[in-house]
Amino acid sequence: GALAARWDAAGHRVTLGVRHPDSDDVKDVLAEQPGVRVASVADATLDADVIVVSTPTAAVVEVAKEIRASAEAVIVDATNAIGKAPDPYPNGAEALRAITKSAHVVKCFNTTGFENMRHPRYGDTGLDMFVAGASSTAKATARPLALDLGFAECYDLGGDDKIALLEGLALVWINLAIFQKQGRDIAFKVIRRPR
């Protein structure tokens, strides 16, 4: 919901692909951003240029089977295979690539909570986002979407072999924010030493 609302506010055409259009979560997004559309996963993805999959990991395989996009559509995996991977795949990106046959799958928007997606600035400081995957097309699409959300930078961590690194970074955030009870208003920022 946070991603949909921010991208709609930034001028993107956003359609939520949902199974339960009358759910309270969907109603909340539509109340905040009436420009957001709602459709089934199949209908929402049919002509989409970019598809962001933001579901619990257990749902990734079923959602991937409903995606009807062309092989040229960019698919962004915003899930985290923490605790349980989408069997039999090691992570959501691998599941999405195998099932949809998309040539452009990338991992992004998974390393922080929805609060930071909704408000990616702490005072004058913009937070950072990270992306990984083999498709340069998908990474070139995800980066400006991160900047449109208000992130200061979207760092390219590398190819498919770095997807696990991104999921590890998500686990660091979850560990600090939730397990160690530091609160969800914490985030990552790359800082450079002045020269």
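User: Let's start with β5. Is this strand enclosed or open, and how many of its residues are buried?

Analyst: Keep in mind that we're looking at a predicted model. In it, 5 of the 5 residues of β5 are buried, so the strand is largely enclosed by the rest of the structure.

User: Which residues of β5 sit on which side?

Analyst: Here's the general idea: in a regular strand, side chains alternate between the two faces of the sheet. In our case, His-104, Val-106 and Cys-108 are on one side of β5, with Val-105 and Lys-107 on the other. Both faces are covered, and these residues are all buried.

User: Where does β5 fit in the sheet order?

Analyst: Read the strands across the sheet: the order is β3-β4-β5-β8-β9. That makes an open sheet of 5 strands with mixed pairing. β3 (50-53) and β9 (153-156) stand at the edges, and each has a single partner strand, so one side of each is left without a neighbour in the sheet. From one strand to the next, the twist averages 30°.

User: What does "mixed" look like around β5? In which sense do β5 and β8 pair?

Analyst: β5 (residues 104-108) and β8 (residues 128-132) are antiparallel, paired over 2 bridges. You can find one by looking at Lys-107, whose bridge partner in β8 is Ala-132. With β4, β5 runs parallel, and 4 bridges join the two strands. Try Val-74 there: its bridge partner in β5 is His-104.

User: Which helices lie across these strands?

Analyst: Two to look for are α5 and α8. Helix α5 (residues 92-100) lies across β3, β4 (74-77) and β5, at about 150° to β4. Helix α8 (residues 163-179) lies across β5 and β8, and runs at about 150° to β8.

User: Back to Cys-108. Which cysteine sulfur is nearest to that of Cys-108, and how far away is it?

Analyst: In general, a disulfide is a covalent bond between the sulfur atoms of two cysteines. For Cys-108, the nearest cysteine sulfur belongs to Cys-154, 4.0 Å away. The cut-off for a disulfide is within 2.5 Å, and Cys-108 is in no disulfide. Cys-154 is in no disulfide either. The count for this model comes to 0 disulfides. As for burial, Cys-108 has a relative accessible area of 0%, while Cys-154 counts as buried at 4%.

User: Which residues touch the most other members of the largest nonpolar core?

Analyst: Cys-108 turns up again, along with Trp-7, Phe-109, Met-117, Met-129 and Leu-149, in a core of 27 residues. Elements giving two or more residues to this core are α1 (2-9), α2 (24-32), β4, β5, β8 and α7 (136-149). The largest share, 5 residues, comes from α7. There's also a second, separate core of 25 residues, which includes Val-53, Ala-64, Ala-132 and Leu-166.

User: What does Met-129 touch?

Analyst: Leaving out residues up to four places away in sequence, the contacts of Met-129 include Cys-108, Phe-109, Met-117, Cys-154 and Thr-112.

User: Thr-112 is a new one. Where does Thr-112 lie, and is it buried or exposed?

Analyst: Thr-112 is in the loop between β5 and α6 (114-118). The cut-off for buried is under 20% relative accessible area, and Thr-112, at 16%, counts as buried. The Thr-112 side chain makes a polar contact of 2.6 Å with the side chain of Asn-116 and one of 3.4 Å with that of Trp-173. Beyond four places in sequence, Thr-112 touches Met-117, Met-129, Trp-173 and Ile-186.

Definitions and conventions
Residues are numbered from 1 along each chain as its sequence is written. This is a predicted model: local features need pLDDT of at least 70, side-chain atom pairs count only at pLDDT 80 or more; totals for chains, interfaces and linings use all residues. Side-chain values use heavy atoms; hydrogens and water are left out. Two strands pair if DSSP finds at least two bridges between them. Axes are lines fitted to C-alpha atoms, for helices over the stretch in contact, and angles run from 0 to 180 degrees between N-to-C directions. Contact means heavy atoms within 4.5 Å. Buried means under 20% relative accessible area, exposed over 50%, partly exposed in between (1.4 Å probe, protein chains only). A polar contact is a pair of N or O atoms within 3.5 Å; within protein, one must be able to donate a hydrogen and the other to accept it, and residues adjacent in sequence count only if both atoms are side-chain atoms. A nonpolar core is a set of buried Ala, Val, Leu, Ile, Met, Phe, Trp, Tyr and Cys residues joined through side-chain atoms within 4.5 Å.
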